[in-house]
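Work through the exercises below with the sequence and the model in view. Each task is followed by a solution in steps.

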Amino acid sequence: MNAVNNFKAAAVLPALHFLLLLWAVAVAAAADTQVTWQPSSHACPSPVVPGVTAASPRTCTFRNLYLWRGRAYYVTEGPPPDLTKLGLDFELWRPTSRPRVGPESFVSVVSPARLSALLGGVGGSGGNAGRNAGPAAMDRIPIVYFWRARKVRRDPARGALCDGTATVPGRSNYYHFLAEHMPILSMTLCEQFGHCSQLANRSGLQIVDVTPGALYPCQMHQNYPPFYQEAIACLSDRPLLHLNGSTLRHRLTRVDTAWMGLGPRCRGIVSGCYPKNPGDVPGSRLAPTPGLMASWRRVLGQCFGFDPEAAAPLHPVRLLLVDRLYESGRHINNIATVLRMLRSRFSPEQVQVQVEYMEGLTIRQQAQLFSQTTVLVHMHGAATGNLPFLPRGAQVVMLAPIPRRWPPLFGNILARDLQGVTDIELQHYANTDPWRVQLPAEHLADVAAAHPEVQELLANMTFMANFLTTFECPPGRLMVACRDWLQRETNVAMPPEVLANMSGAAIEAAFRQQGQRWVPAPDGSEVGYADNGRHPEHHVPLAPPLRPSRVPLFAAAASGMCLILWLAVVRPMLRSQIAGSERPGKPP
């Protein structure tokens, strides 16, 4: 019964939207301005990209589409074409084997309409098709690319609902948006439509989000995170709009040129991307070329003010340590110790060490930091999306608080896609010592109050004991809660000596990439500063680093055990013997 009702709704809604379009035209007929209606048309050129097959995603260019009530209408004088045969789709994150139907499909966005019916709605006749159809008022956009942006959800921590009245933006994944969705968008615009420069035809392009508003109301109400609009501004002068948002929904708008469909390229962890054998996955997509990645970096450089051709600085080396806030999870608990170790290991004249937190920074501020970095040491997370900002020959040390949950897959694939462009190199270190792991109890208490499944996990002492030693999540209904709120929230105390050694190896590699040799100074600095790199007036001097003890660790442990043995066993025995020898009647 539900399937029948859904089918009826799917059949009735386009008709209702079309009637609303007729009403809009009739209302517009009372205006004082004249507008010429033009029939829609389209062209879908054969792809010329090597490796593309008939099953590969494709793109089309449309002329004269009319936007109204969350849909784009394809208007013709005669019978409209069967648009379902075009095989178009929008950016999807699902297995390519799944058929291209559903709320995200092309046919749910574009609907055919007869021009004669529109003209009849304002008192015209079919013979006037394409000419003055009576007085009408209509907005106009020169170029639109219809795009499915990455999902945006409401931010429960800030208590905001995406209902049209929210003043708090929604939240999304910074890495996936900036390092995967945006490069794919840029490559499609460049390779398929010639929009390759940030300064070219940026002023004429409007990017329209077609994500289903019923599934993601934050997007329909255009409650995008600030970094969405900041990144989109690199490709368009106009802010990102939703097809069914308040800006377009109630305004009859003609689009002169509309670009739709997926390009053959992808980047990152996208379904159908990078198959081992291209024939294994029908419709699979191709990896980016160095030329397209270089074009994307040039766009970023023009947009955020850095030189995409610059090499990593060596004199001095700039080592950037990126930490995460305690409440964000994956925080380095002993960050001050790590910072002190790095600053004591390297001479300050040779290596400038800076610690930073990305929370609260704009993309431009982050790009400025990363583009001047020689060695990046960071915890796995959103900062991975900033790797394209790194200069040529930069080195990356990526950290993870626990193994297996964060394999270096994301960073490795991104570094591979940047080969021949920046040639960054990546090392990876995952903590395996359960004694170094710590869960932020205060934050998890707040989470548990809002999520009963997390409360159930925390109350299970057997599970928690196993989790803190194996880092594994249980199968079944609680696995998602464990993964999202325990594994992701884990903080860790990183071994400072290991990070210092890996940083030293990264510095040597940076010099080697530029044909030079790293010669460290004989003595490093012994005084560091605990700072976030943004507020020099708040520098707090740290105590000088402790010198390694002359007594080996096992000797110190043995001394402690001897002390315990003395207090617990030997001393009581001696007291008892002394007391017995002092009893009356005993010889002295």
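**Exercise 1. A charged patch**

Task: Find which residues gather in a patch of positive charge on the surface.

Solution. Start with the rules. Lys and Arg count as positive, Asp and Glu as negative, while His and the chain ends are not counted. A patch takes residues with over 30% relative accessible area and no salt bridge; like charges are joined within 9 Å, and nonpolar side chains (Val, Leu, Ile, Met, Phe, Trp, Tyr) within 5 Å. Each charge is placed at NZ of Lys, CZ of Arg, CG of Asp or CD of Glu. The areas come from the Shrake-Rupley method with a 1.4 Å probe, and for residues only the protein chains shown count as cover.
Now the result. The patch holds Lys151, Arg153, Arg154 and Arg171. Take Lys151. It sits in the loop between β7 (139-147) and α3 (174-193). Helices (H or I, at least four residues) and strands (E, at least two) are DSSP runs, numbered from the N terminus. The relative accessible area of Lys151 is 33%, so it is partly exposed. The scale runs as follows: buried is under 20%, exposed is over 50%, and partly exposed lies in between (1.4 Å probe, protein chains only).

A note on the model: it is predicted, so local features need pLDDT of at least 70 and side-chain atom pairs count only at pLDDT 80 or more, while totals for chains, interfaces and linings use all residues. Residues are numbered from 1 along each chain as its sequence is written, and side-chain values use heavy atoms, with hydrogens and water left out.

**Exercise 2. The setting of Phe62**

Task: Decide whether phenylalanine 62 is buried or exposed, and list what it touches.

Solution. First, locate it: Phe62 lies in strand β3 (residues 59-68). Second, read the accessibility. Phe62 is at 0%, so it counts as buried. Third, list the contacts (heavy atoms within 4.5 Å). Leaving out residues up to four places away in sequence, Phe62 touches Ser41, His42, Tyr74, Leu86, Leu88, Phe106, Asp256, Thr257, Ala258 and Met260. Fourth, look at Ala258. Its C-alpha is 4.9 Å from that of Phe62, although 196 residues separate the two in sequence.

**Exercise 3. Salt bridges**

Task: State how many salt bridges a search of the whole structure finds, then examine several.

Solution. A salt bridge is a side-chain nitrogen of Lys or Arg within 4 Å of a carboxyl oxygen of Asp or Glu. The search finds nine.

- Glu191 and Arg265 form one, with closest N and O atoms 3.2 Å apart. The pair links distant parts of the chain: Glu191 is in helix α3, Arg265 is in the loop between β10 (253-261) and α7 (290-304), and their positions lie 74 residues apart. Glu191 is partly exposed at 28%, whereas Arg265 is buried at 9%.
- Arg267 and Asp417 meet at 2.9 Å, N to O. Arg267 is in the loop between β10 and α7 and Asp417 in helix α10 (residues 409-417), so the pair ties together parts 150 residues apart in sequence. Both residues are buried.
- Asp484 pairs with Arg483 at 3.1 Å between the closest N and O atoms. Asp484 is partly exposed at 22%, and Arg483 is partly exposed at 30%.
- Arg140, Arg254 and Asp256 are linked in a network of salt bridges.

**Exercise 4. Backbone angles**

Task: Determine which peptide bond is cis in the step to proline 316, and where phi is positive in arginine 69 and aspartate 423.

Solution. The bond from His315 to Pro316 is cis, with omega near 5°. Pro316 is in the loop between α7 and β11 (317-323). Next, Arg69: its phi is near 55°, a positive value in a residue other than glycine. Arg69 lies in the loop between β3 and β4 (71-76) and is buried at 18%. Asp423 also has phi near 55°. This aspartate lies in the loop between α10 and β15 (425-430) and is partly exposed at 28%.

**Exercise 5. The whole protein**

Task: Give the totals for helices and strands and the share of buried residues.

Solution. The protein has 16 helices and 19 strands. Of its 588 residues, 47% are buried. About 28,000 Å² is exposed, and carbon and sulfur atoms supply 58% of that.
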